[in-house]
Amino acid sequence: MELTATILLFIGVVFGFMAFTHLSMNMKIPKMTWMIHLIMVILGVAALIIYAFATENVEKHYNILVIFGIALIPGLLILFGKRGTGTKKALAMLYGLIGLFGFFWLLTYVLP
Amino acid sequence: MKWTYPIVAFIVVFVLGFGLTNLIKEELEVSPWSESGAEEGRLMAHTKNVTRLVNAGAADLHAYLKQTIPYEEAKTTDMAPSEKNWQEFFLQSLKVDPDAKNIVVVPGGGKDALKWALPALYYAYFNGSPVLFYQNGELSGNKGNLQNKKAFIIGSDDLIPNLDEFEEAERITAKSPQQLALKLAEYRDEEAEFGWGRKGDRDNGYFHYVLTTPDDALLGLAALSYARSNNATLLYAEEDGGISGELDRYAFAQRSDWFVTPSEGPFRHFWIVSNRVSYAAQGRLDFALEKAEYASMGPVALGDMEALMLIFVIWGVASALFVWIHALYTLPMVKMPIKISWALASMLLPILGPVLYINSYRRPATEVEKGDWRWIRSYNQQSAAATAMGFGYGAPLMIVIGFIMVWFGFPLFFGPGWEGPFFWLGAGMPIMMIAMYVLAVLIAWALVQYPMKKNMMPGMSNKQISKMAFITTALSMLAVSLGMMTTSWYMLMDKIPMMPKEDDVLWFASMWLASFIGFLIAWPINWLFIKNKLKPGNV
């Protein structure tokens with residue numbers, strides 16, 4: 001489950017990066033790109049939560065869930081707020097940095 | 001085609017971001033160790049570093065050590081030492097080196113004299129120095145060739161007065177035999193080759209210690225073999241079996257640390273020969289000498305070099321963020337690949353990166369074609385910009401490839417046939433350097449330089465563009481490597497005592513510093529490219 005979450009989140013990271021590249025070039029983000037990012041991240045986090053309940057391991061990755069929770073704040077502001085591209089860029093950068101940090105943190109446990 | 005630049009940027013951000021996050025995690029993991037390390041170390045390695053030689057007296061100990069230390073060079077005489085014959089025992093055991101540059105003069109006589117003499121006798125036995133005993137105004141012992149030797153008189157004026165027999169003499173004394181032993185352990189006269197010179201800041205040395213009490217000095221003499229077999233210095237505990245603050249300080253200063261594995265050494269050890277030394281003292285000494293992982297040594301875990309370099313890396317990340325955000329909001333006329341390369345270059349060029357970036361764009365610009373802007377810059381500034389274009393993608397890619405290689409490891413192909421002129425291929429570092437260069441050139445060529453050139457020179461054929469892009473990429477990366485590889489070799493193989501791993505601050509720091517130097521070397525070389533119009537410097 002930990003590995004599934006990592007793979008799902010990795011796909012989420014790749015599509016998030018693609019969305020961010022569009023945004024930083026002042027382009028409209030294709031619907032497919034941000035939808036895939038959204039779905040993958042939701043599935044990945046769901047997998048992490050299932051892992052936390054199912055595993056007998058001491059490390060339940062609560063800290064990563066907290067980091068993702070923090071990333072959720074700018075994330076939701078981008079998704080639902082009516083804002084200009086400039087503000088969206090700044091929010092996306094904040095969201096991306098926090099989210100990537102959480103993902104890397106997960107990766108330090110998963111990589112051999 | 002335009003997707004390739006963000007892909008390279010993604011690879012760089014992904015791998016280096018992971019590496020730096022991993023670094024933070026490792027540091028957070030080891031920091032609590034400075035709290036529980038003491039207790040844990042004591043429990044886990046109870047007295048690994050101290051061996052107690054329980055014995056029934058000097059004769060017993062001497063017989064035991066004759067059996068267990070069979071080396072010819074460390075053999076003492078067959079006669080067992082006693083309070084009466086200790087001088088004779090020592091002189092018969094001592095193998096005088098005719099080339100020794102010093103003479104050791106110690107008090108002779110009874111048990112009290114032995115207490116003062118013993119620390120120096122250990123060194124004399126180790127070094128093969130001639131020894132003279134002073135008793136009742138007379139000198140006895142190795143009276144042979146005393147020319148051109150410096151005499152070291154051990155003990156105070158009360159024990160041995162000033163003597164006229166020697167060309168050059170120096171007195172070494174202390175308030176107590178314990179302090180004298182410690183003084184000799186740290187003292188060193190390089191010219192006369194006298195004194196152990198074992199201070200806390202020695203970073204080499206496989207040596208041991210023999211510990212006894214002054215009252216049990218005879219047991220120390222019985223263990224004289226250790227002075228040669230284990231390079232052991234004699235130290236004294238207090239008469240009540242405890243250890244003094246001075247000895248505690250000294251023993252803790254001798255604690256060594258390891259970087260990657262404890263097998264790096266050096267190992268230090270105490271041999272306790274007096275039954276009077278308490279178990280509390282034994283445990284304390286054992287703990288004092290217990291080797292610790294460099295990273296878990298508490299407040300000292302962050303060395304001066306690491307602290308400086310960490311600031312360097314943090315400034316780099318901050319510089320990259322500044323340049324990226326600034327370019328994103330204020331420079332719509334600059335193309336995305338160029339913004340990415342400025343940001344990635346600034347990551348490795350703390351302060352310098354933003355300075356060059358601002359200097360490149362705070363000047364007049366003209367629009368040569370629709371959406372294609374050129375800035376008016378001096379040759380120096382043009383070569384800086386051109387260097388940053390190649391460097392921004394190339395140098396982080398080299399670090400990325402290096403990181404992946406050290407994280408996952410890579411095979412070494414070293415067989416018996418490799419011992420000729422190509423022996424260096426059997427070492428990890430050259431292979432890593434070659435792989436870093438070749439792979440980084442290939443990636444930068446295919447994903448960055450080729451599409452960039454294609455975009456800028458639409459009239460040229462694909463074959464010509466790919467050839468030209470390859471040559472300029474290979475050459476400019478070679479220029480960067482010139483500085484980068486030499487600096488990373490210097491840092492990893494020479495400056496830092498032990499090769500750091502990829503989760504050490506010093507690994508990243510070395511790479512960052514090496515890249516910085518690489519840029520400085522490549523800058524003037526790129527001036528030639530600009531002068532010959534091989535690279536554009538005003539975009």
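The legends below walk through several close-up views of a predicted model with chains A and B.

Residues are numbered from 1 along each chain as its sequence is written, while chains are lettered from A and ligands numbered from 1 in the order in which they are written. Because the model is predicted, local features need pLDDT of at least 70 and side-chain atom pairs count only at pLDDT 80 or more, whereas totals for chains, interfaces and linings use all residues.

**View 1. Chain A is built from four helices and zero strands.**
Helices (H or I, at least four residues) and strands (E, at least two) are DSSP runs, numbered from the N terminus. Following the sequence, you will meet the pattern α-α-α-α. Of the 112 residues in chain A, 35% are buried; that word applies if 20 or more other C-beta atoms lie within 10 Å of a residue's own, with exposed meaning 12 or fewer, partly exposed the range in between, and C-beta atoms placed from the backbone. Two residues are in contact if their C-beta atoms, placed from the backbone, lie within 7 Å. Among the contacts in chain A with a separation of 6 or more, 66% link residues 24 or more positions apart.

**View 2. Chain A meets chain B through twelve residues on its own side and ten on the other.**
Helix H1 (2-24) and helix H4 (85-110) of chain A are the elements giving two or more residues to the side of chain A that touches chain B. H4(A) gives the most, with eight residues. By class, this side of chain A has seven nonpolar, four polar and one charged. Here Ala, Val, Leu, Ile, Met, Phe, Trp, Tyr, Cys and Pro count as nonpolar, Asp, Glu, Lys and Arg as charged, and the others, Gly among them, as polar.

**View 3. Phe104(A), in helix H4 of chain A, is in contact with residues of chain B.**
Leaving aside neighbours within four places in sequence, Phe104(A) is in contact with Gly17(B), Phe18(B) and Thr21(B). Phe104(A) counts as buried because 23 other C-beta atoms lie within 10 Å. Ile64(A) is 40 residues from Phe104(A) in sequence, and their C-alpha atoms are 9.5 Å apart in space.

**View 4. Asn26(A) and Asn148(B) each have a positive phi without being glycine.**
Most residues other than glycine have a negative phi. Asn26(A), with phi of about 55°, is found in the loop between H1 and helix H2 (31-54) of chain A. Asn26(A) has 11 C-beta neighbours inside 10 Å, so it counts as exposed. Over in chain B, Asn148(B) has a phi near 55° and sits in the loop between E4 and E5. Asn148(B) is exposed too, because it has 8 other C-beta atoms within 10 Å.

**View 5. Five strands of chain B form an open sheet of mixed pairing.**
The order to follow is E4-E3-E2-E5-E6; strands pair if DSSP finds at least two bridges between them. Strand E4 (138-141) and strand E6 (168-172) stand at the edges with a single partner strand each, so one side of each is left without a neighbour in the sheet. From one strand to the next, the twist averages 25°. Strand E5 (residues 150-154) runs parallel to E6(B), joined by five bridges, and Ile154(B) stands opposite Ile172(B). Helix H5 (residues 111-127) lies across strand E2 (102-107), strand E3 (131-135) and E5 of chain B, running at about 160° to E2(B). Axes are lines fitted to C-alpha atoms, for helices over the stretch in contact, and angles run from 0 to 180 degrees between N-to-C directions.

**View 6. Strand E10 (residues 269-272) of chain B runs parallel to strand E1 (residues 50-52) and to strand E7 (residues 208-212).**
Three bridges join E1(B) to E10(B), with Thr51(B) partnered by Trp271(B). Four bridges join E7(B) to E10(B), and here Leu211(B) stands opposite Ile272(B).

**View 7. Strands E12 and E13 of chain B form a hairpin with two residues between them.**
Strand E12 (residues 365-369) and strand E13 (residues 372-375) pair in the antiparallel sense over four bridges, and Glu369(B) has Asp372(B) as its bridge partner. In the turn, Gly371(B) has a positive phi of about 75°. E12(B) is hardly covered, with zero buried residues among its five.
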